[in-house]
Amino acid sequence: ARQLGRIMDIYREDVDKVIFVSPLELSTEIVSYWKAICSIRDPKAFEKIQFIKPEAINNFPTHNMSLATILKYSAEALNEIKRTILPYENRTFIHGGLVALDELAVAKYLDVPLVAPEWACIDKYTHNKSNVKMALISAGLEVPPCRVDIRNLVQLSEMLAELIIADPTQTYYLVKMNNRVDGRGIMRLKLDPSTLECHEWLLQEYRKFGSQWKFPWAHEAALNRLYRLLPETIKKSTICQPNDLIKKEQVYSTYKSFERDMNKYGCVLEAEAVGADVGEVTAITVDIFVDPDDNITNIKDRFEILLTADQIHAGNHLQHWGSTIPQSSIEMEVLEKKLTDLVEYLYEYEKFFGYLSVDFVTFFEEVEVEGENENEFEQVQKLWTIDFKFGISDQLANYWIGKNLATVPKQI
């Protein structure tokens with residue numbers, strides 16, 4: 001879906017040719033289908049598209065290989081691409097999917113630039129939620145209370161105990177594996193008297209000490225008790241969320257299968273926003289493009305917001321099923337400020353450029369304020385930055401298709 005959206009570049013006046021490298025054999029019916037769709041706006045635009053299928057696509061039936069890897073071993077396809085782009089020297093670039101080393105190899109062979117940052121940046125943040133979370137924190141963005149790079153049950157128990165002490169009223173926690181994407185393999189833990197033996201006593205201690213709870217001597221007994229009880233609670237009560245609406249499959253059907261991956265890849269522990277499971281929290285996804293031009297000095301001019309959307313969830317609040325465009329959950333000025341801070345950090349420290357998809361959640365929280373007679377509470381809107389991913393998102397690709405086949409406002 002992500003690459004199909006790139007076909008819509010045929011409508012750009014500054015684009016003469018779009019080469020679509022297909023991961024499978026495109027039948028005459030499929031090509032005719034896309035020709036009919038593209039002809040809705042301009043019957044002649046489809047002439048700009050050239051489909052190429054790597055000849056090695058069926059040569060490795062027992063290997064799970066990326067399209068770039070297969071193309072790397074397809075000399076005929078590579079030479080065909082090279083002949084095709086020859087008239088467009090210095091005017092050609094590659095839009096890859098999830099960029100890996102073989103995309104770099106193909107780009108080097110074709111002598112064509114790849115719209116992606118240096119490999120060190122890609123390797124650091126792709127399939128590593130801990131590094132992503134640390135980048136968000138370093139950029140000064142507000143994130144859920146969290147701990148990163150957890151590798152075993154002892155660490156997980158200790159980090160969870162710390163978060164519980166910081167806020168004993170927090171009910172739900174999420175554990176996300178570093179290498180998982182698109183919401184797969186998220187473990188969810190509920191803390192209440194049915195899962196944590198000392199839960200009621202903990203809340204009583206918290207209320208008893210009040211404002212003094214923040215001091216180590218006040219919560220020391222509670223912390224030690226949590227250290228003893230949490231390992232068993234995590235083993236018995238952490239539940240893997242299903243991947244999809246139809247099969248209801250779980251990446252981790254048992255705690256042991258989860259622990260194996262935790263030991264191997266590491267994970268992130270974070271608090272879940274209160275009310276997320278009852279529709280009181282909205283997830284927002286923003287797609288931007290970060291310009292690689294070093295001559296740009298104003299950070300706000302360095303990136304362009306391509307799309308904003310509120311997520312639609314189905315099955316449960318962690319399954320992103322669709323989007324409503326544009327987002328209408330928070331003022332754009334607030335989002336732009338967060339994105340500016342993130343882009344400034346990624347460009348300055350990682351030299352990042354290209355497409356970036358950023359996930360937020362927003363919700364209202366009661367905050368105590370000083371009143372004339374006694375303390376009062378008011379609703380304050382919070383915005384947590386949850387994650388970011390490199391590359392073109394499915395959401396953006398599908399939006400491009402709809403945008404180019406319908407009349408829409410210029411800016412969304």
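Contact here means heavy atoms within 4.5 Å, and angles between a helix and a strand run from 0 to 180 degrees between their N-to-C directions. With that in hand, let's walk through this predicted model, beginning where a helix meets a sheet.

Helix α13, residues 394-405, lies across β8 (282-290), β9, β10 and β11 (354-369). Its direction makes about 105° with that of β9. The sheet beneath this helix contact is an open one of five strands, ordered β10-β9-β8-β11-β12, with antiparallel pairing. At its edges are β10 (320-324) and β12 (376-390), each of which pairs on one side only. From one strand to the next, the twist averages 35°. If you would like a place to look at the pairing itself, try β9 (residues 303-313) and β10, which run antiparallel and are joined by four bridges. There, His313 stands opposite His320 in β10.

A further open sheet also has five strands and antiparallel pairing, this time in the order β3-β7-β4-β5-β6. Its edge strands are β3 (146-150) and β6 (239-240), and each pairs on one side only. Helix α6 (residues 129-138) packs on this sheet, where it touches β3, β4 and β7 (267-271), and its direction makes about 140° with that of β3. Helix α10 (residues 255-265) lies across β3, β4, β5 and β7 and runs at about 60° to β4. Out towards β6, strand β5 (residues 187-190) pairs with β6 in the antiparallel sense over two bridges, and Arg188 stands opposite Ile239 in β6.

Parallel pairing appears in this model too: strand β1 (residues 18-21) and strand β2 (residues 49-52) run parallel and are joined by four bridges. Phe20 has Phe51 in β2 as its bridge partner. Between the two strands, the chain passes through helix α1 (residues 28-38), and this β-α-β crossover is right-handed.

Now to the empty space inside. A search of the whole structure finds two cavities of 30 Å³ or more, and here they are side by side.

| Cavity | Volume | Nonpolar lining residues | Polar lining residues | Charged lining residues |
|---|---|---|---|---|
| Largest | about 150 Å³ | 11 | six | no charged |
| Second largest | about 40 Å³ | seven | one | no charged |

The largest cavity is lined by 17 residues, of which Val99, Val115, Ala116, Phe390 and Gly391 are the closest to its centre. Phe390 brings us back to β12, since that strand spans 376-390.

The second largest cavity is lined by Leu156, Leu160, Tyr173, Val175, Leu189, Ile234, Thr238 and Leu269. Helix α7 (153-166) and strand β4 (172-177) each supply at least two residues of this lining.

One loop deserves a stop as well. Where does Pro113 lie? Pro113 is in the loop between α4 (101-110) and α5 (119-125). Leaving aside neighbours within four places in sequence, Pro113 is in contact with Thr92, Phe93 and Ile94. Ile57, by comparison, is 56 residues from Pro113 in sequence and 24 Å away in space, C-alpha to C-alpha.

Conventions:
Residues are numbered from 1 along each chain as its sequence is written. This is a predicted model: local features need pLDDT of at least 70, side-chain atom pairs count only at pLDDT 80 or more; totals for chains, interfaces and linings use all residues. Side-chain values use heavy atoms; hydrogens and water are left out. Two strands pair if DSSP finds at least two bridges between them. On a 1 Å grid over the protein atoms alone, a cavity is a set of points where a 1.4 Å probe fits but cannot get out, and a pocket is an open set with protein on both sides within 12 Å along at least five of seven lines; lining residues have an atom within 4 Å of a point. Grid points are joined across faces, edges and corners, and a volume is the space filled by probe spheres set on the points. Ala, Val, Leu, Ile, Met, Phe, Trp, Tyr, Cys and Pro count as nonpolar, Asp, Glu, Lys and Arg as charged, and the others, Gly among them, as polar. A crossover is right-handed if, with the strands pointing away from the viewer, the path from the first strand over the helix to the second runs clockwise.
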